[in-house]
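Please look through the model shown here, beginning at the protein-DNA surface and then turning to the aromatic rings.

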Protein chains: 2
Amino acid sequence: MTPMPTAPKPATGLRERKKIRTRQAIRRAAYRLFEERGFDATRVDEIAEAAEVSPSTVFRYFPTKEDIVLSDEEDPVIEAALRARPADEPPLTALRAALHDVMAELWRQPEAVTELRQRMRLVASVPAIRARMHESIGKSGDVLHGAIAERTGRARGDLEIRILTGAVLGALTEALLHWTEEGLEDDLMDVLDRSFRVLEHGLAD
Amino acid sequence: MTPMPTAPKPATGLRERKKIRTRQAIRRAAYRLFEERGFDATRVDEIAEAAEVSPSTVFRYFPTKEDIVLSDEEDPVIEAALRARPADEPPLTALRAALHDVMAELWRQPEAVTELRQRMRLVASVPAIRARMHESIGKSGDVLHGAIAERTGRARGDLEIRILTGAVLGALTEALLHWTEEGLEDDLMDVLDRSFRVLEHGLAD
DNA sequence: CTACCTTCTGAGAGTCACTATCACTTGATA
DNA sequence: TATCAAGTGATAGTGACTCTCAGAAGGTAG
């Protein structure tokens, strides 16, 4: 019986550190090999060897080969940013502001941006990874759904909210893919703004 | 050299008929087994045996096991319905009307509705199939994208159009999943209308 | 420092979706 | 009837992923 079951510790201890390092080693090795010879042409065994672990270990850290590419630790960040917005803002406004904040923060970390580019390149070129991304976006949808339900006072299963989050995520996904196909160099913040403009005013202007 | 390379024949001939029957046999057998024992617990060999063909033949007709569930012959139908709308209608209006038409036609065929229900039940419960559906929706997005680009006079690669189609398809997908999770019995036309209302007016009312 | 426990790792064997190849059958055609 | 093209089945792969179990290594109490 732990006295404070709510505090999950700041992840100190040799064990935790080793796990983080192993995870990183696998992912780095995988990215390198994927860039060198392509996703499909890279076997999991090779990733394991390059990362100096056994194949079993790779699957212990990542349930599928595709999951090595998709980290997915962003959801809670976005959710937090959304909760930080004043409660009287309409959903779309709050969402735009929240995503704006998250992206500004992301852009402050050059290596995070580099990784985003690598990842999007793979997403754009490998169907299996794209499919996986859509799945994970669906899960993000659930999270957003909950947060918006709270702030608008609607029920969790509300159809209209679900439609709204679906529309927003669908729009953003397309915008992100467009950005990727255009060479990953456009101003992503601008792409984001244009997405919300369409969501708010349609194709009008 | 065929005299008329544009006319692909009305699919007469024993060969064609046999192919269609084989395809149907495989799909029917698969649906039955999936309902009986679940998607993951059904091996492709078993589907082949139930359909009285060899496993190789199953893969000749469907590239993956998931594709047995997702027919995907609807895109051209929707596209045609969209092109049939007057050119001066704004995109969202035209899309709603086109989908309205397609769905009304679908509802006129009871067995098509039954199959839709079966399919959606699998989509909702099997992640791999859901992922595949998202992929195929992405392709539908391309089609819609092209059709809307034409009718608005914008370029094919236009970001705003892509955002719009992404939003519409994202909203509709969520609505369809909601419908499925609610038991497949609600009035789907109503769900469709509510989706477009949110797309046009936001969460306002 | 030692003993014990829990967690992590690696090795091995097995399952199953999917691919490639090739001989054989069968519908179309002259 | 002979010939050709297309569809089928058997066989032997490949590679992602699962399960199990023995041993190693971090954490902890005495």
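A polar contact is a pair of N or O atoms within 3.5 Å. The model is predicted, and in it a backbone N or O atom of Val44(A) lies 3.4 Å from a phosphate oxygen of DNA strand D. A polar backbone atom of Lys65(A) is 2.7 Å from a phosphate oxygen of the strand. From chain B, an N or O atom in the side chain of Lys19(B) is 2.7 Å from a phosphate oxygen of DNA strand D.

The elements that give two or more residues to this surface are helix H1 (14-37) of chain A, and helix H1 (14-37) and helix H3 (55-61) of chain B. H3(B) supplies the largest share, four residues. In total, 19 residues surround DNA strand D, and the closest include Ser54(B), Thr57(B) and Arg60(B). By class, five are nonpolar, seven polar and seven charged. On the DNA side, 64% of the atoms of strand D within 4 Å of the protein belong to sugar or phosphate, and the rest to bases.

Turning to the rings, the whole structure holds two aromatic pairs over all chains. In chain A, the ring centres of Phe34(A) and Phe39(A) are 4.8 Å apart and the planes are at 55 degrees, so the pair is tilted. Phe34(A) counts as buried because its relative accessibility is 4%, and Phe39(A) counts as buried at 5%. Phe34(B) and Phe39(B) also form a tilted pair, with 4.8 Å between centres and 55 degrees between planes; both residues are buried.

Lys65(A), already met at the DNA, lies over the face of Phe39(A), 4.5 Å from the ring centre. In chain B, the charged end of Lys65(B) sits over the ring of Phe39(B), 4.5 Å from its centre.

Notes:
Residues are numbered from 1 along each chain as its sequence is written. Chains are lettered from A and ligands numbered from 1 in the order in which they are written. This is a predicted model: local features need pLDDT of at least 70, side-chain atom pairs count only at pLDDT 80 or more; totals for chains, interfaces and linings use all residues. Side-chain values use heavy atoms; hydrogens and water are left out. A residue is near a molecule or strand if one of its heavy atoms lies within 4 Å of it. A polar contact is a pair of N or O atoms within 3.5 Å; within protein, one must be able to donate a hydrogen and the other to accept it, and residues adjacent in sequence count only if both atoms are side-chain atoms. Ala, Val, Leu, Ile, Met, Phe, Trp, Tyr, Cys and Pro count as nonpolar, Asp, Glu, Lys and Arg as charged, and the others, Gly among them, as polar. Rings of Phe, Tyr and Trp (its six-membered ring) pair if their centres lie within 6.5 Å; planes under 30 degrees apart count as stacked, over 60 as edge-to-face and the rest as tilted. Buried means under 20% relative accessible area, exposed over 50%, partly exposed in between (1.4 Å probe, protein chains only). A charge sits over a ring if NZ of Lys or CZ of Arg is within 6 Å of the ring centre and within 35 degrees of the ring normal.
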